[in-house]
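This report is written for a reader meeting the structure for the first time. It begins with the nonpolar core and then moves to the sheet, the helix that lies across it and a few individual residues.

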Amino acid sequence: MKRWNALLLAGQRPGVEPLSAHFGSQWKALVPVAGKPMLSRCLENLLTVAEVDSVSVMAQQPDALLKADGVRDIAANPKVQTIASQTG
């Protein structure tokens, strides 16, 4: 069975992001979808795949995203890592 390392892109463009602004969120990745942040839903789905060994979350401030309500518990999984990207 092939093993995978997933890269989850959770950054955002410079300036105001209309979707996150509409929902009153600082980050688009935390906009709720059916009551859960998008980032949480993506992490949950990737972590259920047996072939996925790790999930790296890449964003300008990945640690802040992973500490957010609704994401913190799933992000505590040892398979979840962070990568800080450049601004913009």
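A nonpolar core is here a set of buried Ala, Val, Leu, Ile, Met, Phe, Trp, Tyr and Cys residues that are joined through side-chain atoms within 4.5 Å, where buried means under 20% relative accessible area. The model described here is a predicted one.

## The core

The largest nonpolar core has 19 residues, and those that touch the most other members are L39, L43, V57, L65 and L66. Two or more residues are given to this core by each of β1, α2, β4 and α3, and the largest share, four residues, comes from β4. In soluble globular proteins, nonpolar side chains tend to be buried together.

L43 gives a view of this packing from one residue: leaving aside residues up to four places away in sequence, L43 touches L8, V55, V57, L66, V71, I74 and V80.

## The sheet

Which strands form the open sheet, and in what order? There are three strands, arranged as β1-β4-β5, and the pairing is parallel. Because β1 and β5 stand at the edges with a single partner strand each, one side of each is left without a neighbour in the sheet. From one strand to the next, the twist averages 25 degrees.

The parallel strands β1 and β4 are joined by six bridges. Within this pairing, L8 has V57 of β4 as its bridge partner, while L9 stands opposite M58, also in β4. On the other pairing, β4 and β5 run in the parallel sense over five bridges, and here M58 stands opposite I83 in β5.

Strand β4 is largely enclosed by the rest of the structure, because six of its eight residues are buried.

## The helix across the sheet

Helix α2, which spans residues 38–47, has L39, S40, L43 and L47 as its buried residues. These residues lie on the same side of α2, because they cover an arc of only 100 degrees around the axis. What covers them includes β1 (4–9), β3 (36–37), β4 (52–59), α3 (62–66), α4 (72–75) and β5 (80–84). The helix lies across β1, β4 and β5, and α2 runs at about 160 degrees to β4.

## Two serines of β4

Strand β4 contains S54 as well as S56. Are these serines buried or exposed? S56 has a relative accessible area of 10% and is therefore buried, and S54, at 9% relative accessibility, counts as buried too. The side chain of each serine makes a polar contact with another side chain, as the table shows.

| Serine | Side-chain partner | Polar contact distance |
|---|---|---|
| S54 | N5 | 2.9 Å |
| S56 | Q81 | 3.3 Å |

The surroundings of the two serines can be described in the same way, leaving aside residues up to four places away in sequence. On that basis, S54 touches W4, N5, A6, K79 and Q81, whereas S56 touches A6, L7, L8, Q81 and I83.

## The partner of S54

N5, whose side chain is joined to that of S54 by the polar contact of 2.9 Å, is placed in strand β1. N5 counts as exposed, because its relative accessibility is 60%, and the cut-off for exposed is over 50%. Apart from residues up to four places away in sequence, N5 touches D53 and S54. Although N5 and S56 are 51 residues apart along the chain, their C-alpha atoms are separated by 7.6 Å.

## A loop residue

Where is A34 placed? A34 lies in the loop between β2 (32–33) and β3, and its relative accessibility of 70% makes A34 count as exposed. The phi angle of A34 is near 50 degrees, which is a positive value in a residue other than glycine.

## Drawing the parts together

The descriptions above meet in strand β4, which pairs in parallel with β1 over six bridges and with β5 over five. This strand gives four residues to the largest nonpolar core, the largest share, and β4 also holds the buried serines S54 and S56. Helix α2 lies across β4 together with β1 and β5, and L39 and L43, which are among the buried residues of α2, are also among the core residues that touch the most other members.

Note on methods
Residues are numbered from 1 along each chain as its sequence is written. This is a predicted model: local features need pLDDT of at least 70, side-chain atom pairs count only at pLDDT 80 or more; totals for chains, interfaces and linings use all residues. Side-chain values use heavy atoms; hydrogens and water are left out. Buried means under 20% relative accessible area, exposed over 50%, partly exposed in between (1.4 Å probe, protein chains only). The arc is that of the directions from the helix axis to the C-beta atoms. Contact means heavy atoms within 4.5 Å. Two strands pair if DSSP finds at least two bridges between them. Axes are lines fitted to C-alpha atoms, for helices over the stretch in contact, and angles run from 0 to 180 degrees between N-to-C directions. A polar contact is a pair of N or O atoms within 3.5 Å; within protein, one must be able to donate a hydrogen and the other to accept it, and residues adjacent in sequence count only if both atoms are side-chain atoms.
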